[in-house]
Amino acid sequence: MYRSIYTDRRSFIKKMAVLSAMTTAAAMFPGIIFAEEQEKGIPEGANLDWKKAPCRFCGVGCGVLIGTEAGKAVAVKGDPASPVNKGLCCVKGYHSIMALYGKDRLTKPLVKKNGTYVETSMQEALDLVASKMKETVNDHGKDAVAIYGSGQWTIPDGYVASKLFKGCIGTNNVEANARLCMATAVTGFLTSFGLDEPMGCYEDIDYADTFFLWGNNMAEMHPVLFSRLLDQRLKRGVKIIDFATRTTRTSMAADKSILFNPQTDLAVGNAICYEIIRNGWMNKAFVEEHCNFSKGLTKMGYGLEDHYKFTDKPEKINFEQYKAFLEDYSPEKVAKLSGVSVKDIKYMAAHFGDPNKKVMSFWCMGMNQHSRGTWINNIVYNIHLLTGKISTPGNSPFSLTGQPSACGTVREVGTLTHKLPHGVVMNKEHREFAAKIWDVPVENIPAKPTYHTVEMFRALDRGDIRFMWIQVTNPMVTMPKLKRYRDGAKKEGRFIVVSDIYPTPTTDIADVILPSAMWIEREGMYGNSERRTQYFEQMLEPPGEAMSDTWQLIEVAKRLGYEKQFYYKEETHVEEIYNEYRRHHEGKKHNMAPLEVLKSQPGAMWPYVDGKSTKWRFNAKYDPACSNGKDFHFYGKKDGKAIIWQRPYEPAAEEPDADYPFWLGTGRVVEHWHTGSMTRRIPVLHQAMPHAYVELNPGDAKRMQIRTGDKVKLTTRRGEITLPASVNQRGVPAPMQVFVPFFDENMLINDITLDSFCPISKEPDYKKCAVKVEKA
Amino acid sequence: MPIKSYLAHPHTGKKEYLIEALSNIEACEVLPANNEDVLILVTETNNKQEEDILKEKLERIPSLKLLAMVSGFETPKNE
């Protein structure tokens, strides 16, 4: 026994040492291959069948090759043919197949009877789900049933969910967890350009001279893309500027790290615009030809109360009015508020202002999980529009995604309450268009959106929603102010169905647990951050009675009497669904590549026109949808012009005060993917990061006599939690701020976070609430 | 018992020599990249003294251009 522990511990440490070196090497030499290490797990003499797939984890959408033998996935390596990652993988990607084989994989449906779960057959479980849905609709109305899905849904999963609930049952109670991470990016794009998703692509990295990371810890969250930035620095001497509230691995690798006080990015962004105009760096010709100016409502509130509603009222303004508005945002005024020096504000503005520099902005949760998230998205677009640094190779404002198909499924299929695959439910023509393809009466699709995610869980608590089907997501870890929503879901008279691959805190609240087929155990497609749709075939049999989420939904739809609409055959349903889905996006603005193209190459970017992916939208040189005869055409807006928005600074919903004097921000770590339900079952990743912690500023820790490992109690107005301290370890928060990762279901930080959200996008702000910090 | 990992950069055209030289040292494990001129070196020694001796030995390898430490772990002897 002693020897065994010795060997395991030593080998584990060696493995960690090798992984650290591989990660560093990968950052320096993107595409570097250590075949010996990567193929170590492959059985000797194995005759592997290698097939391509997009990675299961984040929204970068790395291409991977999966080696299977005798019905088991035994190896994974980066796909050198993929233009996304060029053969590279991050630490999670290299271990992705191990997530298929956790010991507690769900293989049989479980039905709760008298407080305990009883195994049943899939057919019986699906019968029960269908009958409960029917019963709930009869007793409480159509809007009493809801589905809550995910950016990990494949495109067919989300498509059939939307078709069933919106088209057939007739409720807009369709939401997905991307509301918690990407909804703000959507409203940012829609308000500024009228169409969602980035205009550029990852290839911009090869052309940009300066990279601005807006509250974006790319080194941990998107390590493969970050390695491409570092590679460009080695090759071309590009600059990386990290603009954040906390010092991270990204800050340490950046050429310049600039810290700002939480929420004040709004003011700093406006100060950059002020400087651009004041110094004559504005691209006048571009702005005059391609931009309008608008302002919206202010003091919108924070959505803290049930039934909160907000609709912006845009009002056109002119350049002079916008310029006058910016007078409040001189670097001198903003420096005091933001903690960013005048010199640093001018330094940032000068990078945008230099006509010889191409600039790429990246952001993710820092800007999106923000109580004024749509505004800060608009402000970053303002900077790019004012300087004309947009829609050309290397000039690219680029919002990154955290899930493999947040774009492909949630944003493009439209699995949000107000959305349809093409357009929105509020638009009669869009409803008619969807109804025709779905083969349902147009009256079936309600014209009003119902609940966004936070309000959906509030409705469940109130009893307005009685039945909720949750697929491939873990809201009982991720919802802010979690306790309310957990207690609400457990109330009498609620029926919860959860489809997943492992037990989670969300399956704990379920009445029925359906075992799902994971990733390459079924066929599907994901859509990544750069509008790239990638196909994967079924490579493995799912365990036990596990079934794809798509087919679970189809089976229930048929039981509800919608055989006509769900005509798909089991053997060919993914192809049939994708072909039907493509019809929603026909045309030069969003055409999707045919399935045979997706099967033959590592994905294709929409709009896919005349056999080609479109790399830079709105630029007539690259985008066949441009039709105004000019260099650029922002065709998402009726007059073809993008909007520069007047958006002020406003404080966060809850700021530190005498009782709760620290800021609390939450986030992720490189080892774990989101709530850790998969990566915590991969031993090497779990051992590398076994539990959550609270990061403190070293000065605060010293004053409070707290050392790494000491227990620290965090208290907010929602509750308290105790975690081990981390001082001067991976990340270093600014003074009077603490950071906690949310991956650990045993230390649920969201029990104490606040459910404030951006009034426009309805996306919660997980980065800012007030907290009291004490040594426990 | 220190375990350390390094990125070892060979002089131009000397990658194979470097792999051979490092592989011949008992405390060293080598993992060469297949498509770049760099290799991962993992060293495992019993104590600081052995570590220092090894370091000197490494510095004398003619094909080694640069050794950059990436991670270091100090594990107790009884583990």
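Two strands pair when DSSP finds at least two bridges between them. That rule is needed for the first exercise. The model of chain A is predicted.

**Exercise 1. Work out the strand order of the open sheet of 5 strands in chain A, and find its edges.**

Solution.
- Start with strand 8, residues 210-214. Strand 8 is joined by 5 bridges to strand 9, residues 239-244, and the two run parallel.
- Another 5 bridges join strand 8 to strand 14, residues 359-363, again in parallel.
- Move outward from strand 9. Strand 9 pairs with strand 11 over 4 bridges, in the parallel sense.
- The full order is 11-9-8-14-15, with parallel pairing.
- The edges are strand 11 (256-259) and strand 15 (396-399), each of which pairs on one side only.
- On average, neighbouring strands of this sheet are turned by 15° against each other, direction ignored.
- For the chemistry behind the pairing: strands of a sheet pair through backbone hydrogen bonds, either parallel or antiparallel.

**Exercise 2. Find which residues stand opposite each other in the pairs 8/9, 8/14 and 9/11 of chain A.**

Solution.
- In the pair 8/9, A:Trp214 stands opposite A:Phe243 of strand 9.
- In the pair 8/14, A:Phe211 faces A:Met360 of strand 14.
- In the pair 9/11, A:Ala244 lies opposite A:Leu259 of strand 11.

**Exercise 3. Decide why strand 8 of chain A counts as largely enclosed.**

Solution.
- Apply the cut-off: a residue is buried if 20 or more other C-beta atoms lie within 10 Å of its own.
- Sort the side chains by direction. A:Thr210, A:Phe212 and A:Trp214 point one way from strand 8, A:Phe211 and A:Leu213 point the other way, and all are buried.
- Conclude: 5 of the 5 residues of strand 8 are buried, so the strand is largely enclosed by the rest of the structure.
- For the wider setting, 59% of the 776 residues of chain A count as buried.

**Exercise 4. Classify how helix 4 and helix 22 of chain A pack, then do the same for helix 10 and helix 14 of chain A.**

Solution.
- Take helix 4 (residues 122-140) and helix 22 (residues 549-559). They pack at an angle of about 55°, with axes 9 Å apart.
- That angle makes helix 4 oblique to helix 22.
- The crossing of helix 4 past helix 22 is right-handed.
- Helix 4 makes this contact through A:Leu126, A:Asp127, A:Val129 and A:Ala130, and helix 22 through A:Gln552, A:Glu555, A:Val556 and A:Arg559.
- Now take helix 10 (residues 265-278) and helix 14 (residues 342-353). Their axes come within 9 Å and cross at roughly 60°.
- Helices 10 and 14 of chain A are therefore oblique to each other.
- Helix 10 passes helix 14 in a right-handed crossing.
- Contact residues of helix 10 include A:Val268 and A:Ile272, while those of helix 14 include A:Ile345 and A:Phe352.

**Exercise 5. Decide whether A:Thr572 and A:Pro480 are buried or exposed.**

Solution.
- Locate A:Thr572: the loop between helix 22 and helix 23 (573-584) of chain A.
- Count neighbours. A:Thr572 has 11 other C-beta atoms within 10 Å, so A:Thr572 is exposed.
- Locate A:Pro480: the loop between helix 20 (475-478) and helix 21 (482-489) of chain A.
- Count again. A:Pro480 has 26 other C-beta atoms within 10 Å, so A:Pro480 is buried.
- Beyond its neighbours within four places in sequence, A:Pro480 is in contact with A:Asn750, A:Thr753, A:Leu754, A:Asp755, A:Pro764 and A:Tyr766.

**Exercise 6. Pick out the backbone exceptions at A:Pro607, A:Val472 and A:Trp519.**

Solution.
- Set the expectation: most residues other than glycine have a negative phi, and most peptide bonds are trans.
- Check A:Pro607. A cis peptide bond joins A:Trp606 and A:Pro607, with omega about -5°.
- A:Pro607 sits in the loop between strand 21 (604-605) and strand 22 (608-609) of chain A.
- Check A:Val472. Its phi is positive, about 45°, although A:Val472 is not a glycine.
- A:Val472 is in the loop between strand 16 (467-471) and helix 20 of chain A. With 26 C-beta neighbours inside 10 Å, A:Val472 counts as buried.
- Check A:Trp519. Its phi is also positive, about 45°.
- A:Trp519 lies in the loop between strand 18 (512-515) and strand 19 (524-527) of chain A. With 29 C-beta neighbours inside 10 Å, A:Trp519 counts as buried.

Definitions and conventions
Residues numbered from 1 in each chain as written. Chains lettered and ligands numbered in written order. Predicted model: local features only at pLDDT ≥ 70, side-chain atom pairs only at ≥ 80, totals over all residues. Buried ≥ 20, exposed ≤ 12 C-beta atoms within 10 Å, placed from the backbone. Axes fitted to C-alpha atoms, helices over the stretch in contact; angles between N-to-C directions. Parallel < 35°, antiparallel > 145°, perpendicular 65-115°, else oblique. Left-handed = near helix turned anticlockwise from the far one by under 90°. Contact = placed C-beta atoms within 7 Å.
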